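Please open the model in your viewer and keep the sequence panel beside it, so that each selection can be followed in both. The tour goes from one selection to the next, and at each stop it says what is there.

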Amino acid sequence: MRSTYIERIQKLSEKLSDPALAERARKINSNTFSRNRKMPLKDILLCCLSKKGLTTTLELRNYFIQKDVPSMKMSKQGYLQQRKRLNPEVFSYLNDEYMADFYHSSEPRLWNGFLLLAIDGSKAEVPNSPENRERFGKSNNQHSELGQVRALVSGMYDILNHFYLDIEISHISTSETELAKKNLHHLTHIDIKQPVLAIFDRGYPSMEFIDFLETEKINYLFRISSNDYKFERRNMKSTDETVILRHTYQRLEKIRKKHPERLERMKEKGYTNTRIMTSMLPSGNELTLMTNLPFEFSQKQLEDLYYQRWEIEKKYHTLKNKMKFESVTGKSTIYVDQDFRAQVLVYNILQDIRKEADEEVSVRGRKKGSKYPMHTNENIAIGLFKEQMIKLILEKNAVRRGQLLFKLQTEMEEYILPQRNLPGKERKKNLSNKYKNNQKIVFKKVHTIPLGKVWTF
């Protein structure tokens, strides 16, 4: 058993105690976190990471209990004031450091030598405040004239290794393509050396974006909609062939308006070569894919590969509904950036442990002759990790921390589920209740009732 995640968590603990981290945690032109305070920087960071979606007062109370200093008190106002001085980018930095340790090793799983990344956007609910309305905008629908405050989140997810490499947060009207560029540029922060294959759904394959990917030497696989590149598709003589996309005047005009910096290059180039594949889905709809991968990869291989993009959709569900990603500490915009980035780091640490547990469970399942491959129950794994995280990171003895982590992994392995490959079906609107019986909250909540009693559920 490798258990290399133990070393990574050890390094993270050391990083959180490093005085140099204060430079990353400060806003520009600020000297915050230079003095000893009642709640120093490490405590502020750990309290952010250990967030369970409770009220701020209860979050602080639970943090001090887990730290074994239940008598320590700090006001909600004092804590939030400290948080306003914290640079949200510190969580991205910690995540980059954690991920770099993994990707610079021989551990990453690859697909035919490629790091398989899915990039997609998602709308995330944020607190309704004038500041957030200004920063993120609103999403209107037929039920609300005022609209609900939403941020646009763009995630870059490693499909085979199950990590989020980056997350970008922006105004709801921001182009998903522009956020995807920021996601991909973030690879330099981790110093990724492996060749990258990025998978995108419909809405991304503009000619300008294709040129960006080729310039950055990034391989791509898009699904294209029925309205994309109609002329070229009508002239295809087979279901899988190389197609020339001419840089016509009309196409260049769109680039002139939105990306003038790329206009001259594309005008001089004149055309783009790409590969387009078409097939029929069981539903009767057409599936059309576009890629710059060579023909040594068959159409069937690439179709199967495209379906793996669904993993990022599932992980957005995990972040929002199981890790309380959208349960932001307060109404200020800075809390949105901090909490979103912090929970991505927490997800990656959790997944690092769970990945090892899944391997153990899978091996046992094969030995027992299980009909389906087995894996750990994600919902319970999140609850177990959140319950133990503070003690795991604060533990000063490295040997003792390793023992606690192994015990946590072993406990995760007790709660398993089969992995069934069910036949694909057309997506339908889900009319069931949001709060389902099999997705109850996995964190402890403390409710105060009359007569001064406290019940724990």
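Select V399 first: in this predicted model, V399 is exposed, because its relative accessible area is 58% and the cut-off for that word is over 50%. V399 lies in helix α18, and if you also select I6, which is 393 residues away along the chain, you will find that the C-alpha atoms of the two are separated by 9.8 Å.

Next, select residues 5-17, which form helix α1. What span should you expect for the 13 residues of this helix? At 1.5 Å a residue the helix should span 18 Å, and its end C-alpha atoms are 19 Å apart, which agrees. Now colour the buried residues of α1, which are Y5, R8, I9, L12, S13 and L16. These buried residues cover an arc of only 140° around the axis, which puts them on the same side of α1. A general rule helps in reading such a pattern: an α-helix has 3.6 residues a turn, so residues three or four places apart point the same way. To see what covers the buried residues of α1, add other helices to the view, including α2 (21-25), α3 (41-49) and α6 (89-103). The cover also includes α16 (333-368), α17 (378-394) and α18 (398-412), the last of these being the helix that holds V399.

Stay with α16 and select N348, whose place is in that helix. Is N348 buried or exposed? With a relative accessibility of 0%, N348 counts as buried. Leaving aside its neighbours within four places in sequence, N348 is in contact with N95, Y98, M99, F163 and Y164. Of these, N95 is worth selecting together with N348, since the two are 253 residues apart along the chain while their C-alpha atoms are separated by 8.0 Å.

Move on to residues 56-66, which make up helix α4, a helix that is mostly covered, with eight of its eleven residues buried. The ones to highlight are T56, L58, E59, L60, N62, Y63, F64 and Q66. Just after α4, look at the backbone of D68, which takes a positive phi of about 65°.

The next stop is a group of strands. Select residues 115-125, strand β1, where nine of the eleven residues are buried, so that the strand is largely enclosed by the rest of the structure. Then add residues 196-200, strand β5, which pairs with β1 in the parallel sense over four bridges. Within this pairing, the bridge partner of L115 in β5 is V196, and A118 stands opposite I199. How many of the five residues of β5 are buried? Five of the five are, so β5 is largely enclosed by the rest of the structure. Both faces of β5 are covered, with V196, A198 and F200 buried on one side and L197 and I199 buried on the other. Now bring in residues 219-223, strand β6, which pairs with β5 in the parallel sense, again over four bridges. Here I199 can serve as a guide, because besides standing opposite A118 it has L221 as its bridge partner in β6.

From the strands, go to residues 207-215, helix α10, and select D211 within it. D211 is buried, with a relative accessible area of 0%. If its neighbours within four places in sequence are set aside, the contacts of D211 are with R262, R265, M266 and K269.

Finally, zoom out to the whole protein chain, whose secondary structure comes to 18 helices and 13 strands. Buried residues make up 52% of its 457 residues, and its accessible surface comes to about 24,000 Å², of which 50% belongs to carbon and sulfur atoms. Among contacts with a separation of 6 or more, residues 24 or more positions apart account for 70%. Colour the chain by pLDDT as a last step: the mean is 88, and 89% of the residues reach 70 or more. Over residues 445-457, however, the pLDDT is below 50, and beyond near neighbours in sequence this stretch has 17 contacts in the model.

Key:
Residues are numbered from 1 along each chain as its sequence is written. This is a predicted model: local features need pLDDT of at least 70, side-chain atom pairs count only at pLDDT 80 or more; totals for chains, interfaces and linings use all residues. Side-chain values use heavy atoms; hydrogens and water are left out. Buried means under 20% relative accessible area, exposed over 50%, partly exposed in between (1.4 Å probe, protein chains only). Helices (H or I, at least four residues) and strands (E, at least two) are DSSP runs, numbered from the N terminus. Two strands pair if DSSP finds at least two bridges between them. The expected span of a helix is 1.5 Å times one less than its number of residues. The arc is that of the directions from the helix axis to the C-beta atoms. Contact means heavy atoms within 4.5 Å. Accessible areas come from the Shrake-Rupley method with a 1.4 Å probe; for residues, only the protein chains shown count as cover. pLDDT is the predictor's confidence in each residue, from 0 to 100.
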